[in-house]
Amino acid sequence: MLGFLGSMNLAVTLLVALALASVIGTILKQNEPYQNYIVKFGPFWHGIFEKLGLYDIYSSSWFILILAFLVTTTSICLYRNTPRILASLKQYREDMLEQQLVNMADHSRHRTSVAHDEAVATLAHSFRSLGFRTRTKRHGETTTVAAMKGAANRYGYLFTHCAVVIICIGGFLDSNVPLKVRTLQGSLQAETREIPVSRIPDRSKLPVDNSSFRASVSIPEGRATRAAFVNLGAGYLVQPLPFTIQLEEFRVEHYPSGQPRSFESDLVIQDGSQRIEQTIAVNHPLSYKGYTIYQASFGDGGSELDFKLHDLASAAVLDHSLKVNGDLVLDHNGVAYRLEMDEFRKFNIFANEDPAIDKKFRDFGPSVNFKVRLKDGRANEYLNYMYPITLEGREFLLSGVRSSLEEDFRYLHIPADDEGSPGRFFSLLNLLHDDARLRRIYAAGQSALLPGNSVDGNITEQDVGNVTLRLIRLFLDGGFPMLQQQIDPAMDEDTARTVNSASMKILRFGLEQAYTASLGDAGLDVAEISERDIQFLNDAIVTLSALHQYGFPYYLQLTGFEHVESSGLQIARAPGAKWVYLGFGLLILGVFFLFYVPHERLWAVIKPAGTGSEMVLAGARTRHSRDFSRYFEQISRTIERSFPAN
């Protein structure tokens, strides 16, 4: 059993498994909230990956089991081989005989007129001058000189194996395995609710003196905290801190593409009467009493947003203010909507696709991301830009909507007026909801639709108003598809085409008359409608046809903001780090000895030959035998020159 556990094959297999697991852990971001993984992989694969422990690989049971086996097999290897390796450092193998040397790949034979004893002394001196340590042993009339150098190569084996054990132990010390054990025992329970720290129960809090953890926290500018959060499964645990961390100021710089180039935080550590001020940045953490604080990310810290809510079914405009991560309940015709403010972005920089703008990147300006949730929990997500965006030479206010995170945003393009606001569009929309005024407008303008008041005189002003109003209502309720549904399916194709053409003509008449009236209300000259006004109306009609799919009876127009940024910090306490550093140091040293310090041996068997001596030389090296053959040839020539020929 010990032979199997200490085998090289098992160790290599375990190392390959760990390497593959580490690749997965590097590619797949670890310890993210589960919702992020559900969005990325979908519910099916999320469940499989969760069961495999891929979201926290380095603390998963199978990864820890592999580490335990690796530590065991490496320790057994050390136990079994260390005495033999240490003994080999003193084994010069001076019992080597002539026949053994002749059988070696690198050997040579020499004859000299120097007497036996003098030849032994000269040869030993030559070996020492080449950096070898020597030992001599006499076998009757024959003497063996054994030389060795590079014995430190054998330490490489010990150092690398010790490094594996030490690194694994350091990893165990810094893992959250104890947290999982306590969770299984029931003494710890991850919190899944978004509630203030003061309301989190003790079963979801870690002790202040917790020896090992890796937690994160987001701190808004000007705020402080004494706690961080450890992700665990689908929830989190609170890690209290023995000191206060305050964020004085956060700074971020961007590349022209909009990607962050650098960001840093001015922190203040308050520990009783001790106060420490330091700026941290990516790869430049702050260390204090065994705690290391890293700059990890940044986000919104609760910006104050001012906005208008334009009622899409009336002329009402509501003014509100709300902080990011706040919510607001709205009642619209008996239906309750919860507006949840999720995110504010001051910059939205994208690659430019408009050839009329000579810039590689464009800043679309501030945007706000929010959800609108119904009582049953269903929600739509919205993304509204504060300023108009130029598309095909015209300006639009964009409002994106989607019903799930897996979808792309579908954008509502609201045409902007000369002031860059949606005022003109909503003036038209509000007028389209004023039935009494529309009837008067349509009665006065019926001649534009029916010159001569029809051939037979049977169509009255009231008929014109009623038909136009009905089409307007259908159009606002369901867009063009709703108008198509009103055509009797029993009609033949020609009749249906005629009815549809007439409906479109009356609808266009109604929209044009309302638009002209709205321009007059704004004090504009309506004697002649310009091509620009016609284009605005065409864009407005496209937007009106899509309003029934918007899913929220209000349009949120961002009017102002007070930007507050937050710094995302990662706080770690890792007592095993010093052991890991020691292990890596030993690993580097061991690899150096193994690959760059060759273990070389030389032997010489010297025996009397008449009045002189005969020598047989041989040598060996643990690595790079081809290079050693050339080296041995040089040594043989050196030895041959050192002795006069017989």
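**Notebook: aromatic contacts**

I searched the whole structure, a predicted model, and the search returned 32 aromatic pairs.

I then looked up Phe344 and Phe561. Their rings form a tilted aromatic pair, 4.8 Å centre to centre, with 40 degrees between the planes. I noted where each ring sits: Phe344 belongs to strand 14 (residues 335–345) and Phe561 to strand 22 (residues 554–562), so this pair ties together parts that are 217 residues apart in sequence.

I checked exposure for both residues. Phe344 has a relative accessible area of 3% and is buried. Phe561 has a relative accessible area of 29% and is partly exposed.

Next I took Phe370 and Tyr382. I found their ring centres 5.2 Å apart and their planes at 10 degrees, so I entered the pair as stacked; the cut-off for stacked is under 30 degrees. Phe370 is in strand 17 (residues 367–373) and Tyr382 is in strand 18 (residues 379–385), so the parts tied together here are 12 residues apart in sequence. I looked up exposure again and found Phe370 and Tyr382 both buried.

I also looked for rings that group together. One aromatic cluster is made up of Tyr37, Phe41, Phe44, Trp45, Phe49 and Tyr55.

Last, I looked at a charge over a ring. I found Arg424 over the face of Phe536, at 5.1 Å from the ring centre. The cut-off for that distance is within 6 Å, taken from CZ of Arg.

How values were computed:
Residues numbered from 1 in each chain as written. Predicted model: local features only at pLDDT ≥ 70, side-chain atom pairs only at ≥ 80, totals over all residues. Heavy atoms only, no water. Phe/Tyr/Trp six-rings, centres within 6.5 Å; stacked < 30°, edge-to-face > 60°. Helix = DSSP H or I, 4+ residues; strand = E, 2+ residues; numbered from the N terminus. Buried < 20%, exposed > 50% of the residue type's maximum accessible area, 1.4 Å probe, protein only. Lys NZ or Arg CZ within 6 Å of the ring centre and 35° of its normal.
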